[in-house]
Amino acid sequence: MTRVLLVGYDPDTVDFSDPALPPGMTIEKIRAGIAVALEQFAARGWEAEVGFIRPDETAGPTVERQLASTSYDCVVIGAGVRLPPRHLAIFEAVINTVHKAAPGAAIAFNTRPEDSADAAARRLPVGRQR
C-alpha cells in the first residue's frame, strides 16, 4: 500500500497575521482542509498520516521521528511550512530531514491542505497513483 505523510504546522501554532499566508485562513479552515486531504488520500487507496510540527527548532527532529516510525512513499510538505519567508530556516530543516531520513520518498508540495493528494500524485510513480 502506498503511504503518504502530510507535514504541516500544528494549526494552533500558526500566526495568521503573517501576510505570506492566504487571506482569511483560520484554524478551522486548516483542519477542514486536512480532513479533505485525508479523505482524498483514502479514496486513492493510500494510507496517509498527518505529522504536525511547530514553527521552531523542534520541527526537524519531529519530522525525523515520524519518518523513523514508518516507511513513506511520499512526503507532502504543506504550504504553510514553505511560504512564510521568516520560516525559511525551518523549511530547510524539514527538507533536509526528509532527504536524510527518507531518501527513497518523493517530496511534494501543496498549495493548501485540500490539494495534498494531487501534490502526492504528481510525485508518485504512475502505478501508485490509482
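Let's start with Glu49, which is partly exposed, with a relative accessible area of 26%. Please keep in mind that we are looking at a predicted model. What does Glu49 form with Arg3? The two form a salt bridge, and their closest N and O atoms are 2.5 Å apart. If you trace the chain, you will find Glu49 in strand E2 and Arg3 in strand E1, 46 residues apart, so this pair links distant parts of the chain.

Now stay with Arg3 for a moment. Its side chain also meets the side chain of Glu47 in a salt bridge, at 2.3 Å from N to O. Here again distant parts of the chain are linked: Arg3 sits in strand E1, which covers residues 3–9, and Glu47 sits in strand E2, which covers residues 47–53, with their positions 44 residues apart. Put these together, and Arg3, Glu47 and Glu49 are linked in a network of salt bridges.

Is Arg3 buried or exposed? Arg3 is buried, because its relative accessible area is 14% and the cut-off for buried is under 20%. Glu47, on the other hand, has a relative accessible area of 36%, so it counts as partly exposed.

How many salt bridges does the structure hold? There are 9. One more that I'd like to show you joins the side chains of Glu114 and Arg112, at 3.2 Å from N to O. Both partners are partly exposed: Glu114 has a relative accessibility of 28%, and Arg112 has 41%.

Let's move on to empty space. A search of the whole structure for cavities of 30 Å³ or more finds 1, and the largest cavity has a volume of about 290 Å³. Which residues are closest to its centre? Of the 21 residues in the lining, they are Ile30, Gly78, Ala79, Gly80 and Pro113. Several elements give two or more residues to this lining, namely E1, helix H1 (27–43), E2 and helix H3 (79–82). The largest share, 4 residues, comes from E1. You may remember E1 as the strand that holds Arg3. And what is the lining made of, by class? It has 15 nonpolar, 5 polar and 1 charged residues.

Next, aromatic rings. The count comes to 2 aromatic pairs. Take Phe41 and Trp46 as an example: their ring centres are 6.1 Å apart and their planes are at 35°, so the pair is tilted. Why tilted? Planes under 30 degrees apart would count as stacked, and those over 60 as edge-to-face, so an angle that falls in neither range is called tilted. Are Phe41 and Trp46 buried or exposed? Phe41 is buried, and Trp46 is buried too.

My last stop is Arg123. You can find Arg123 in helix H5, which runs over residues 116–123. Which residues is Arg123 in contact with, leaving aside its neighbours within four places in sequence? They are Cys74, Ala106, Ile107 and Ala108. Look at Cys74 in particular: Arg123 and Cys74 are 49 residues apart in sequence, and their C-alpha atoms are 7.4 Å apart in space.

If you take one picture home, let it be the one we began with: Arg3 in strand E1, linked with Glu47 and Glu49 in a network of salt bridges. Thanks for listening!

Key: Residues numbered from 1 in each chain as written. Predicted model: local features only at pLDDT ≥ 70, side-chain atom pairs only at ≥ 80, totals over all residues. Heavy atoms only, no water. Salt bridge = Lys/Arg side-chain N within 4 Å of Asp/Glu carboxyl O. Buried < 20%, exposed > 50% of the residue type's maximum accessible area, 1.4 Å probe, protein only. 1 Å grid on protein atoms, 1.4 Å probe; cavity = no way out; pocket = protein on both sides within 12 Å on 5 of 7 lines; lining within 4 Å. Points joined across faces, edges and corners; volume = space filled by probe spheres on them. Nonpolar A, V, L, I, M, F, W, Y, C, P; charged D, E, K, R; others polar. Phe/Tyr/Trp six-rings, centres within 6.5 Å; stacked < 30°, edge-to-face > 60°. Contact = heavy atoms within 4.5 Å.
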